[in-house]
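Thank you all for making the time this morning. I would like to walk you through one structure, going from single residues outward to the sheet and the helices that lie on it, so please keep the view open while I talk.

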Amino acid sequence: MRTSAEAIKAGVKSGRSPRAMVLAAAAAAILAAGGISRAAVSHHSRPLKIGIIGTGRIGGTLASLWAKAGYELTISSRHPEELQSLAHALGPKVHVGTPREAAAFGDVVLISVPYGALPQVGRDLAPELAGKIVLDTGNPYPQRDGAMALEARRKGTGVASAQYLPGVRLVRAFNAITAPNLASQAHRSGELVGIPLAGDDPRALAVAERLVRAAGFAPVVVGGLARAREFDVGTPVYVKLLTARELREKLGLSRAPAAGGAARQAPTPPPPPAAGPAPSN
Ligand SMILES: NC(=O)c1ccc[n+]([C@@H]2O[C@H](COP(=O)([O-])OP(=O)(O)OC[C@H]3O[C@@H](n4cnc5c(N)ncnc54)[C@H](OP(=O)(O)O)[C@@H]3O)[C@@H](O)[C@H]2O)c1
């Protein structure tokens, strides 16, 4: 198995784009790491197919983790040719397509684009996304995404994203962990890192929980979409690498929250600051 450095060197020689090299290096590191079995994909029901829109730092890392867990994926780009080497590295169950093809392919669609692109993705791909389970990782940064990001911060991302993605079964997921930690902490030994989730559709939440486990983390259902704001940018649990237990404690959740409607033990925290940290994630 290639090391990250070897993957980057090979990329430089072959004249691949910087994005392709970074993704290939991350994929090589994830594929080389141990600690996962392909049993993540159920043999008792039809395996889930996953479409990925936005195969960047977060989408590319999740593609590697889910490919390693045995899922069939279509990763996508507006420049699909840039993803061929990543798909090749991830194996025969990983296909490359356009965002539209990925949306049509997935039983579940991960959308991991700059938040400012979400309205356009929602509009353009509405027919393909209708009725599907969609995991949204986006974080609004006014510096990067403009005025709509301020509005999304005010409303909370669960409410704002649902407006941009009407007709989907939306789950907020993987927004509160950085891409480097997503790659390095997956399947870590000891207590797993918790990934907060929010959604209104219990079946979509159950699928999201399954995919969080397959990626090597512990899902924590916080509640409906309105509660996604509790793990938005700037909240006390944002990118803190908390275990599921710590996350539940900080969010005042009971031990085993019911999908879509977690029991509350603490008051709602104040909304995060409007501007927040710099747009590194
Ligand atoms: N990086 C982090 O640590 C982190 C952590 C948590 C959450 N997030 C959030 O997750 C989202 C993705 O972050 P990232 O860091 O992975 O971003 P990234 O590395 O910049 O990747 C974003 C991808 O989105 C695609 N994209 C951009 N505009 C698009 C459009 N109009 N239609 C379709 N695809 C489009 C681009 O793909 P093509 O150019 O190939 O089409 C790009 O590869 C952001 O909202 C970010 O705030 C990031």
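**A strand inside the sheet**

Let me begin with β6, where Arg169 and Val171 point one way from the strand while Leu170 and Arg172 point the other way, and where all of these residues are buried. By buried I mean that 20 or more other C-beta atoms lie within 10 Å of the residue's own, with exposed standing for 12 or fewer and partly exposed for what falls in between, the C-beta atoms being placed from the backbone. Before I go on, I should say that this is a predicted model, in which local features need pLDDT of at least 70 and side-chain atom pairs count only at pLDDT 80 or more, whereas totals for chains, interfaces and linings use all residues. Residues are numbered from 1 along each chain as its sequence is written. The helices (H or I, at least four residues) and strands (E, at least two) that I name are DSSP runs, numbered from the N terminus.

Which strands does β6 pair with, and in what sense? With β5 the pairing is parallel over 4 bridges, and with β7 it is antiparallel over 2 bridges; two strands count as paired if DSSP finds at least two bridges between them. On the β5 side, Val134 has Leu170 of β6 as its bridge partner, and on the β7 side, Val171 has Gly199 as its partner.

Leu170 also leads us to a loop residue, since the C-alpha atoms of Asp201 and Leu170 are separated by 7.4 Å although the two are 31 residues apart along the chain. Asp201 has its place in the loop between β7 and α12, and because 18 other C-beta atoms lie within 10 Å, Asp201 is partly exposed.

**The whole sheet**

Stepping back, we find 8 strands in an open sheet with mixed pairing, in the order β3-β2-β1-β4-β5-β6-β7-β8. At the edges stand β3 (94-97) and β8 (218-223), each with a single partner strand, so one side of each is left without a neighbour in the sheet. Neighbouring strands here are turned by 25 degrees against each other on average, direction ignored; the axes are lines fitted to C-alpha atoms, for helices over the stretch in contact, and angles run from 0 to 180 degrees between N-to-C directions.

Towards the β3 edge, β2 and β3 pair in the parallel sense over 4 bridges, with Ile75 standing opposite Val96 in β3. The chain passes from β2 through helix α4 (residues 84-90) to β3 in a right-handed β-α-β crossover, right-handed in the sense that, with the strands pointing away from the viewer, the path from the first strand over the helix to the second runs clockwise. Further in, 4 bridges join the parallel strands β1 (residues 49-53) and β4 (residues 108-111), and Ile52 stands opposite Leu110 in β4.

**Helices on the sheet and on each other**

Helix α3 (residues 57-68) lies across β1, β2, β3 and β4, running at about 165 degrees to β2, while helix α12 (residues 202-215) lies across β4, β5, β6, β7 and β8, at about 165 degrees to β7.

How do α3 and α12 meet? They pack at an angle of about 85 degrees with their axes 8 Å apart, which makes α3 roughly perpendicular to α12; under 35 degrees counts as roughly parallel, over 145 as roughly antiparallel, 65 to 115 as roughly perpendicular and the rest as oblique. The contact is made by Leu62, Leu65 and Trp66 of α3 and Leu211, Ala214 and Ala215 of α12, where contact means C-beta atoms, placed from the backbone, within 7 Å. By class, this contact has 6 nonpolar, no polar and no charged residues, with Ala, Val, Leu, Ile, Met, Phe, Trp, Tyr, Cys and Pro counted as nonpolar, Asp, Glu, Lys and Arg as charged, and the others, Gly among them, as polar.

The pair α9 (residues 147-155) and α10 (residues 157-164) packs at about 125 degrees with axes 6 Å apart, which makes α9 oblique to α10. Here Glu151, Ala152 and Lys155 meet Thr157, Val159 and Ala160, a set that divides into 3 nonpolar, 1 polar and 2 charged residues.
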